[in-house]
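I have a fresh model open and a few places to look up. Here are my notes, entry by entry, for anyone who wants to follow along.

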Amino acid sequence: MFRHINGHKTDITIFIDEKPTNASSGETVAAVLLRENIYAVHTAPNGEARGPYCMMGVCFDCMVTLEDGQNEQACQIEATEGLKIYLPISDRYKVGE
Ligand code: FES
């Protein structure tokens, strides 16, 4: 459902749960997740799936785990070559799979 605007090229690779994923330098990890149809990255205390929503650091629904174990907001992380992120949710909710 989400895609790059025409002519926008991916130039780096990040790893989402160890899966190589094309990204563009400078785009946010949350944008990459949405483009990859990953709409839920963790579960709220009530068990509901949560994923990137506000895209500006307010809702905290985009929390992902970095390679060093730190949890960060995916919408506040810039994609860089080789970045590894892990989704706290055990069963990813992917559209179309
Ligand atoms: S999408 Fe809301 S804090 Fe990241």
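**Entry 1: Ile77**

I started with Ile77, which I found in the loop between strand S6 (71–73) and strand S7 (84–86). Strands and helices here are DSSP runs numbered from the N terminus, with helices being H or I over at least four residues and strands E over at least two. Before going on, I note that this is a predicted model, in which local features need pLDDT of at least 70 and side-chain atom pairs count only at pLDDT 80 or more, while totals for chains, interfaces and linings use all residues. Residue numbers start from 1 along each chain as its sequence is written.

Is Ile77 buried or exposed? Neither label fits: Ile77 is partly exposed, because 18 other C-beta atoms lie within 10 Å. The scale I use calls a residue buried if 20 or more other C-beta atoms lie within 10 Å of its own, exposed if 12 or fewer, and partly exposed in between, with C-beta atoms placed from the backbone.

I then listed the contacts of Ile77, leaving aside neighbours within four places in sequence, and got Thr28, Val29 and Glu72. Contact means that the C-beta atoms of two residues, placed from the backbone, lie within 7 Å. I also checked Glu27: it is 50 residues from Ile77 in sequence, yet the C-alpha to C-alpha distance is 8.4 Å.

**Entry 2: the overall layout**

I counted one helix and seven strands in the protein. From the N terminus on, I read the elements as β-β-α-β-β-β-β-β. Of the 97 residues, 22% count as buried. Among contacts with a separation of 6 or more, 46% come from residues 24 or more positions apart.

**Entry 3: the sheet**

Five strands form an open sheet with mixed pairing, and I wrote down their order as S2-S1-S7-S5-S6. Strand S2 (19–23) and S6 stand at the edges with a single partner strand each, so one side of each has no neighbour in the sheet. From one strand to the next, the twist averages 40 degrees; angles run from 0 to 180 degrees between N-to-C directions, and axes are lines fitted to C-alpha atoms, for helices over the stretch in contact.

Next I went through the pairs, where two strands pair if DSSP finds at least two bridges between them. S1 and S2 are antiparallel over five bridges, and they form a hairpin with two residues between them. In that turn, Asp17 has a positive phi of about 50 degrees. S1 and S7 pair in the parallel sense over two bridges, with Lys84 in S7 as the bridge partner of Phe15.

S5 (residues 63–66) pairs with S7 in the antiparallel sense over two bridges. Here I found Leu66 opposite Ile85. S5 also pairs with S6, antiparallel over three bridges. Thr65 caught my eye: Tyr86 is its bridge partner in S7, and Asn71 in S6 stands opposite Thr65 as well. The S5–S6 hairpin has four residues between the strands, and Gly69 in its turn has a positive phi of about 90 degrees.

**Entry 4: Thr13**

Where does Thr13 sit? I placed Thr13 in strand S1 (residues 12–16), and its bridge partner in S2 is Asn22. Thr13 is partly exposed, because 13 other C-beta atoms lie within 10 Å. Beyond four places in sequence, Thr13 is in contact with Pro20, Thr21, Asn22, Glu81 and Gly82. Ser25 is 12 residues from Thr13 in sequence and 9.1 Å away, C-alpha to C-alpha.

**Entry 5: the nonpolar core**

The largest nonpolar core has 16 residues, and Val29, Ala30, Leu33 and Ala74 have the most contacts inside it. Such a core is a set of buried Ala, Val, Leu, Ile, Met, Phe, Trp, Tyr and Cys residues joined through C-beta atoms within 7 Å. S1 and helix H1 (29–35) are the elements that give two or more residues to this core, and H1 gives the most, with five. Not counting residues up to four places away in sequence, I found that Ala30 touches Pro52, Met55, Cys62, Ala74 and Cys75.

**Entry 6: confidence**

I closed with pLDDT, the predictor's confidence in each residue from 0 to 100. The average is 88, and 90% of the residues score at least 70. Among the elements, strand S3 (residues 42–43) has the lowest mean, 86, and S1 the highest, 97. Over residues 91–97 pLDDT stays under 50, and the model has 12 contacts beyond four places in sequence for them. Where pLDDT is low, the predicted coordinates should not be read in detail.
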